[in-house]
Amino acid sequence: MTENKNWEVISTSLEPSQLIVDETLFHVANGYIGVRGNFEEEYPNGYDTIRGTYINGLYDISEVKHGEKLQGFIDSKQKIINITDVQGIQLFIEGDKFSLFEGEILEYTRILDMKAGVARRHVVWKSPKGHILQIDIKRMASFVKPELFVIEYAVKSVNYEGEIILVSTQKGEVSNYFNPNDPRVAGEYEKHLTVKEITREEHIDLIHSETNTSKLKVVSAVKHIVSAPCQIESTSDRLSLTSKIKFNIELGKTEKLVKYCVFTDSIRCADPSISAICIMQEAAQMPLIKLYKLQQGYLDEFWNRSDVVVEGDSNLQQGIRFSLFELLQSVGKDKYSNIAAKGLSGEGYEGHYFWDTEIYMLPFFLLTNQKLAENLLSYRYEKLDDARNNARLMGHKKGALYPWRTISGSECSAYFPSGPAQYHIDADIAYMFVQHYLVTNDLDFVVHKGAEVLFETARLWMDAGHYAEDRFVIDAITGPDEYTCIVNNNYYTNSMAKYNLKWAAKFFYLLKGTNQLDDLIKKIQITEEEAEKWDEAYQKMYLPYDKELDINPQDDTFLSKAVWDFENTPKDKYPLLLHYHPLYIYRHQVCKQADTVLAHFLLEDEEKLSTIQNSFDYYEKITTHDSSLSTCIFSIVASKLGNIRKAYDYFMQTTRLDLDNTHHNTKDGIHTANMGGTYMGMVYGFAGLRIKETGIYFNPILPDEWEGYAFKICYQNRVIEVRVNKRESSFKLLEGEKVTIHIKDIKYELCGELVIEI
Ligand code: BGC
């Protein structure tokens with residue numbers, strides 16, 4: 001398979017409506033900091049912008065007001081905050097200020113280079129006075145030094161000799177974005193960060209700030225390095241620092257300003273000011289070229305492990321690579337952080353972490369970078385006490401209930417019907433701990449982290465459900481489909497809880513005789529009797545089934561509701577959540593996203609194929625895909641059912657969702673779960689990967705539109721490369737000992753390469 005060249009995202013648009021979307025698409029992040037792709041010189045007045053810089057896991061707390069506050073409702077929530085703005089650089093030439101909206105633009109492109117890990121802006125600009133400059137700006141959020149963000153600002157003179165002035169700013173007065181009419185972003189203006197002090201030490205400009213309620217400290221530090229002999233005039237006021245840099249430029253010559261910016265916070269550092277200075281001194285000593293090289297090296301390794309190559313559709317290839325790159329940019333790389341629904345690219349969903357992480361994004365990391373996957377699972381383990389407290393808040397005497405959305409561990413959803421009522425998040429987390437075990441065989445991780453999470457979530461199910469006529473039922477919860485709330489026996493929830501209970505009991509019995517559970521047994525007092533009860537509830541879990549239709553009803557009353565009047569719903573009324581009262585929506589058979597269909601992907605052996613097929617057909621007709629978490633799942637299940645056309649169509653709706661802004665809200669940030677869904681659509685969908693207790697399975701198919709595809713996965717200390725083309729599929733063991741694999745349900749021993757006709 002030839003190497004595919006599609007490593008860039010390119011924009012040449014200066015349309016105001018696209019500029020705000022490009023701020024998201026061209027953001028740079030490394031899992032710790034994220035900086036939106038704002039123009040250094042800003043836009044003209046009146047242009048919409050969300051100017052932002054974020055730190056993963058750093059939050060302030062805002063009050064939640066309820067008109068009618070009932071028992072257990074939250075009264076505060078965490079939210080990601082916009083921190084100090086270090087992006088500002090203004091250029092002046094003979095009194096004219098550089099702007100893409102004045103003078104004449106002779107060339108303009110911006111590029112996100114996913115191989116090098118930088119965003120670039122290239123402009124050739126004729127000033128109103130007729131001077132022509134070429135301006136090349138490169139930005140990088142370093143993967144190797146996570147606190148570091150760099151702007152390299154290069155100016156080349158085409159027809160001018162004389163003075164250039166660059167004014168570089170660092171502004172501490174920032175606020176968050178809000179929109180009172182969109183429930184997917186914050187609803188009201190609030191200021192979260194206060195500048196405490198401004199200092200300058202050893203040519204490093206520092207702003208020391210503090211969050212207003214959570215009292216977390218954030219420090220930003222800036223240092224300038226200029227290629228030409230220059231004069232720097234530095235000033236500051238209470239809230240900002242400005243450096244006016246003057247130098248002369250010769251005809252045809254390029255001069256550069258490198259703006260090193262470092263961010264630190266008090267969650268990670270005992271003294272963020274000292275840390276910022278140390279990190280800056282170390283970083284600014286390194287030639288920029290070295291920092292770029294390190295970035296490139298990090299990404300070479302990433303792509304070598306994680307790339308998914310598709311031959312025959314370069315737009316699609318770009319969408320896939322963009323998704324994988326964004327997952328890497330978004331994923332928290334320490335125990336304090338996770339992956340926000342919008343990564344570090346914007347403020348949508350207020351920087352919260354959801355079930356999106358486990359069910360949509362973790363599979364990518366688990367198969368390509370197990371250390372990052374373990375970090376994500378460890379984050380949940382660390383938050384177990386918060387989940388225990390949350391369970392008490394929700395009235396449960398035992399067990400742990402993970403919050404629906406959170407940053408630091410407590411519940412941040414104020415709307416319980418489609419928030420805290422989504423108990424399935426417990427089983428989703430448990431499911432991924434089990435997947436981790438099946439993929440890595442790492443029983444140690446189960447002993448030290450997974451078992452406690454599974455036991456406590458199993459306890460929660462025992463407390464949330466009950467027996468009715470010898471069946472274990474779970475009442476008054478909400479499944480993944482947020483257009484149907486507070487129901488009894490949501491099929492997805494019950495089947496996932498069943499799996500949770502089964503594996504809690506299994507782990508208990510597996511470890512019981514080994515002494516390895518002794519500490520845990522002491523800590524949370526598990527008894528064999530309790531494990532037996534989990535096992536019994538697993539055996540007796542009720543899963544709704546309709547014999548006549550041979551489908552799994554989404555819940556006990558779903559099929560008796562009126563079907564939504566799709567024919568008379570104009571296109572501009574979607575997404576429905578922005579146009580109809582929730583109760584009106586709940587009263588109908590209409591789904592926002594895959595629910596039962598998702599269960600049929602995750603737990604495919606639970607039902608017969610005809611039930612999965614009939615359910616797919618049934619839910620397909622009533623699903624709006626108003627959530628970006630939906631089409632990827634329909635694609636995967638269509639692949640399973642052998643419907644390549646549908647699998648392809650749903651996949652194509654998934655892969656470029658942000659690049660083409662198909663949900664019209666990319667300005668608020670990327671849709672990270674959808675990006676994980678893109679990966680899954682290829683690997684679990686077209687290649688048919690499943691990892692079960694009985695082993696690893698593939699079932700490759702290839703849409704006519706493509707020449708082929710290829711990827712690698714890690715499985716039980718092996719690396720397996722999968723390549724599929726129009727004639728055959730090949731499975732090659734790149735690392736590790738021989739292993740049994742199943743291809744189209746036939747068992748093979750894989751030791752070298754195995755080639756099978758497709
Ligand atoms: C979806 C949820 C998801 C959330 C964050 C909502 O629109 O319905 O399933 O967790 O977005 O991505």
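The exercises below walk through a predicted model of one protein, each with a worked solution.

Residues are numbered from 1 along each chain as its sequence is written, and side-chain values use heavy atoms, with hydrogens and water left out. Because the model is predicted, local features need pLDDT of at least 70 and side-chain atom pairs count only at pLDDT 80 or more, while totals for chains, interfaces and linings use all residues.

**Exercise 1. The overall build**

Task: State how many helices and strands the protein has, and find how its radius of gyration stands against the globule rule.

Solution:
- Start with the secondary structure. The protein has 18 helices and 32 strands. Both are DSSP runs numbered from the N terminus: helices are H or I with at least four residues, strands are E with at least two.
- Next, take the radius of gyration. It is 27 Å, close to the 27 Å from the globule rule for 758 residues, so the protein is as compact as a globular protein of that length. The radius is taken over C-alpha atoms, and the rule is 2.2 Å times the number of residues to the power 0.38.
- Then look at the outline. Along the principal axes, the C-alpha atoms fill a box of roughly 85 × 60 × 60 Å.
- Finish with contacts, meaning heavy atoms within 4.5 Å. Of the contacts with a separation of 6 or more, 68% join residues 24 or more positions apart.

**Exercise 2. Surface and charge**

Task: Give the buried share of the residues, then describe the surface and the charges.

Solution:
- Buried residues make up 63% of the 758. Buried means under 20% relative accessible area, exposed over 50%, and partly exposed in between (1.4 Å probe, protein chains only).
- The accessible surface is about 28600 Å², and carbon and sulfur atoms hold 48% of that. The areas come from the Shrake-Rupley method with a 1.4 Å probe; for residues, only the protein chains shown count as cover.
- There are 83 positive and 109 negative side chains. Lys and Arg count as positive, Asp and Glu as negative; His and the chain ends are not counted.
- The centres of the two sets lie 2 Å apart. Each charge is placed at NZ of Lys, CZ of Arg, CG of Asp or CD of Glu.

**Exercise 3. The nonpolar cores**

Task: Find which residues have the most contacts inside the largest nonpolar core, and which helix gives the most to this core.

Solution:
- Nonpolar side chains tend to be buried together in soluble globular proteins.
- A nonpolar core is a set of buried Ala, Val, Leu, Ile, Met, Phe, Trp, Tyr and Cys residues joined through side-chain atoms within 4.5 Å.
- The largest core has 207 residues, and Tyr-360 and Phe-455 have the most contacts inside it.
- Helix α10 (residues 491–512) gives the most to this core, with 12 residues.
- Leaving out residues up to four places away in sequence, Phe-455 touches several residues, including Ala-504, Phe-507, Phe-508 and Trp-534.
- A second, separate core has 22 residues, among them Ala-116, Val-118, Met-140 and Ile-279.

**Exercise 4. A cis peptide bond**

Task: Locate Tyr-574 and describe its bond to Pro-575.

Solution:
- Tyr-574 sits in the loop between β23 (562–563) and α13 (582–586). Pro-575 is found in the loop between β23 and α13.
- The peptide bond from Tyr-574 to Pro-575 is cis, with omega near -5°.
- Tyr-574 is partly exposed, at 26% relative accessibility.
- Beyond four places in sequence, Tyr-574 touches Phe-566, Thr-569, His-579, Thr-624 and Asp-626.

**Exercise 5. Positive phi angles**

Task: For Lys-215 and then Gln-716, give phi, the place and the burial class.

Solution:
- Lys-215 is not a glycine, yet its phi is near 60°. Its loop joins β15 (204–211) and β16 (217–226). Lys-215 is partly exposed, at 48%.
- Gln-716 has a positive phi of about 45° and is not a glycine either. Its loop lies between β27 (708–715) and β28 (718–725). Gln-716 is buried, at 18%.

**Exercise 6. Two buried residues**

Task: Is Thr-655 buried or exposed? Is Ile-691 buried or exposed?

Solution:
- Thr-655 lies in helix α17 (residues 644–655). Thr-655 is buried, at 4% relative accessibility. Its contacts beyond four places in sequence include Leu-316, Ile-320 and Thr-678.
- Ile-691 belongs to strand β25 (residues 690–692). Ile-691 is buried, with a relative accessible area of 5%. Among its contacts beyond four places in sequence are Leu-367, Leu-438 and Tyr-715.
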